[in-house]
Amino acid sequence: MKVHNVELTISAVKPEQYPNNGFPEIALVGRSNVGKSSLINTLIDRRSYARTSGQPGKTQTLNFYKVEEKMYLVDVPGYGYAKVSKKEREKWGRMIETYLTQRPNLKGVISLIDARHEPTELDLQMLEFLHYYQLPVLAVGTKIDKVPRSKWNKVASNALRKTDFLNSDNYVLFSAVSKIGKDSVWDWIDQMIEK
Ligand code: GTP
Ligand code: MG
């Protein structure tokens with residue numbers, strides 16, 4: 001999709017604040033600093049519309065980005081940031097769980113995993129959670145520009161062998177620097193929102 005029109009409609013923390021125009025939504029989840037906001041910026045062809053940061057924990061609300069008056073990309077706060085308190089982590093958990101499990105508009109979830117490392121325990125828990133709730137999932141290996149090309153196959157096979165529901169059709173290597181993988185991610189989104 002060539003994107004001309006984007007708007008941050010709302011930063012929500014509870015269901016009453018979610019948009020109510022019925023557009024399909026695609027959420028992005030992953031550990032803090034994995035590149036969720038950067039993936040959004042790449043998808044919408046903007047350098048820094050969604051706020052990114054070298055500091056983990058930048059995104060703390062569910063940010064609904066309306067794209068082309070037809071869908072939302074939803075930037076979800078990252079997990080696994082050690083410096084947040086237990087109380088905040090629980091609040092985060094409830095907010096995310098409510099959104100992911102009770103939102104009819106949600107048509108698919110992009111689960112980001114740092115391609116430089118094997119999926120973490122939290123990455124695998126998130127994938128299992130999404131699978132359990134029968135949400136369509138695209139796993140995206142991020143920051144692939146930091147991995148030598150000779151290792152790309154290994155990165156993919158390492159990620160795929162950790163779960164029984166990921167395969168080469170729902171796994172994409174991606175870089176916000178080189179933009180590799182961008183078209184594959186859009187193709188998947190288009191399929192999900194047309195269903
Ligand atoms: P939180 O909002 O804290 O959960 O983080 P996030 O997942 O939104 O990550 P963000 O997009 O802010 O990126 C974190 C850092 O990684 C920033 O310094 C980005 O510039 C960098 N980064 C993101 N994607 C890539 C990529 O594909 N390649 C490289 N080399 N750096 C990236
Ligand atoms: Mg972010």
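# A tour from Glu 68 to the central sheet

With 13 C-beta neighbours inside 10 Å, Glu 68 counts as partly exposed, since a residue is partly exposed when that number lies between the limits of 12 or fewer for exposed and 20 or more for buried. The model under view is a predicted one. Select Glu 68 first; the residue sits in the loop that links β3 and β4. Next, add Val 3, His 4 and Asn 5 to the selection: Glu 68 touches these three, when residues up to four places away in sequence are not counted. A distance drawn between the C-alpha atoms of Glu 68 and His 4 should read 6.7 Å, although 64 residues separate the two along the chain.

**The whole chain**

Zoom out and colour by secondary structure. Five helices and seven strands make up the chain, and along the sequence they follow the pattern β-β-α-β-β-α-β-α-β-α-β-α. The radius of gyration is 16 Å, close to the 16 Å that the globule rule gives for 195 residues, so the chain is as compact as a globular protein of that length. Along its principal axes, the C-alpha trace spans about 45 × 40 × 30 Å. Of the 195 residues, 36% count as buried. Among contacts with a separation of 6 or more, 70% come from residues 24 or more positions apart.

**The sheet**

Hide the helices and display the strands alone. The seven strands form an open sheet with mixed pairing, in the order β1-β3-β4-β2-β5-β6-β7. At its edges are β1 (6–12) and β7 (171–173), each of which pairs on one side only. On average, and with direction ignored, neighbouring strands are turned by 25 degrees against each other.

Now select β5, residues 106–114. Nine of the nine residues of β5 are buried, so this strand is largely enclosed by the rest of the structure. On one pairing, β5 runs parallel to β2 over six bridges; here Leu 28 stands opposite Ile 110. On another, six bridges join β5 to β6, again in the parallel sense, and Val 109 has Val 137 of β6 as its bridge partner. To follow the chain from β5 to β6, show helix α3 (residues 121–132), through which it crosses; this β-α-β crossover is right-handed. Helix α3 lies across β2, β5 and β6, and runs at about 165 degrees to β5.

Continue from β6 to β7. These two strands run parallel and are joined by three bridges, with Val 140 and Val 172 as bridge partners.

**Helix α1**

Restore the helices and select residues 36–43, which form α1. Is this helix enclosed or not by the rest of the structure? Eight of its eight residues are buried, so α1 is largely enclosed. They are Lys 36, Ser 37, Ser 38, Leu 39, Ile 40, Asn 41, Thr 42 and Leu 43. Their packing partners are β2 (25–30), β3 (62–67), β4 (71–75), β5, β6 (137–142) and α5 (182–194). Just after the helix, stop at Asp 45, whose phi is positive, near 55 degrees.

**The nonpolar core**

Which residues have the most contacts inside the largest nonpolar core? Select Leu 28, Leu 73, Val 74 and Ala 139, which hold that place in a core of 45 residues. Strand β5 gives the most to this core, with five residues. In soluble globular proteins, nonpolar side chains tend to be buried together.

Centre the view on Ala 139 and show what surrounds it. Leaving aside neighbours within four places in sequence, Ala 139 is in contact with Ser 111, Ile 113, Leu 127, Ala 159, Leu 166, Asn 170 and Tyr 171.

**A last stop in α4**

Finally, select Asn 158, found in helix α4 (residues 152–160). With 16 C-beta neighbours inside 10 Å, Asn 158 counts as partly exposed. Draw a C-alpha to C-alpha distance from Asn 158 to Pro 119: the two residues are 39 apart in sequence and 8.3 Å apart in space.

Notes
Residues are numbered from 1 along each chain as its sequence is written. Chains are lettered from A and ligands numbered from 1 in the order in which they are written. This is a predicted model: local features need pLDDT of at least 70, side-chain atom pairs count only at pLDDT 80 or more; totals for chains, interfaces and linings use all residues. A nonpolar core is a set of buried Ala, Val, Leu, Ile, Met, Phe, Trp, Tyr and Cys residues joined through C-beta atoms within 7 Å. Helices (H or I, at least four residues) and strands (E, at least two) are DSSP runs, numbered from the N terminus. Two residues are in contact if their C-beta atoms, placed from the backbone, lie within 7 Å. Two strands pair if DSSP finds at least two bridges between them. A crossover is right-handed if, with the strands pointing away from the viewer, the path from the first strand over the helix to the second runs clockwise. The radius of gyration is taken over C-alpha atoms; the globule rule is 2.2 Å times the number of residues to the power 0.38. Axes are lines fitted to C-alpha atoms, for helices over the stretch in contact, and angles run from 0 to 180 degrees between N-to-C directions.
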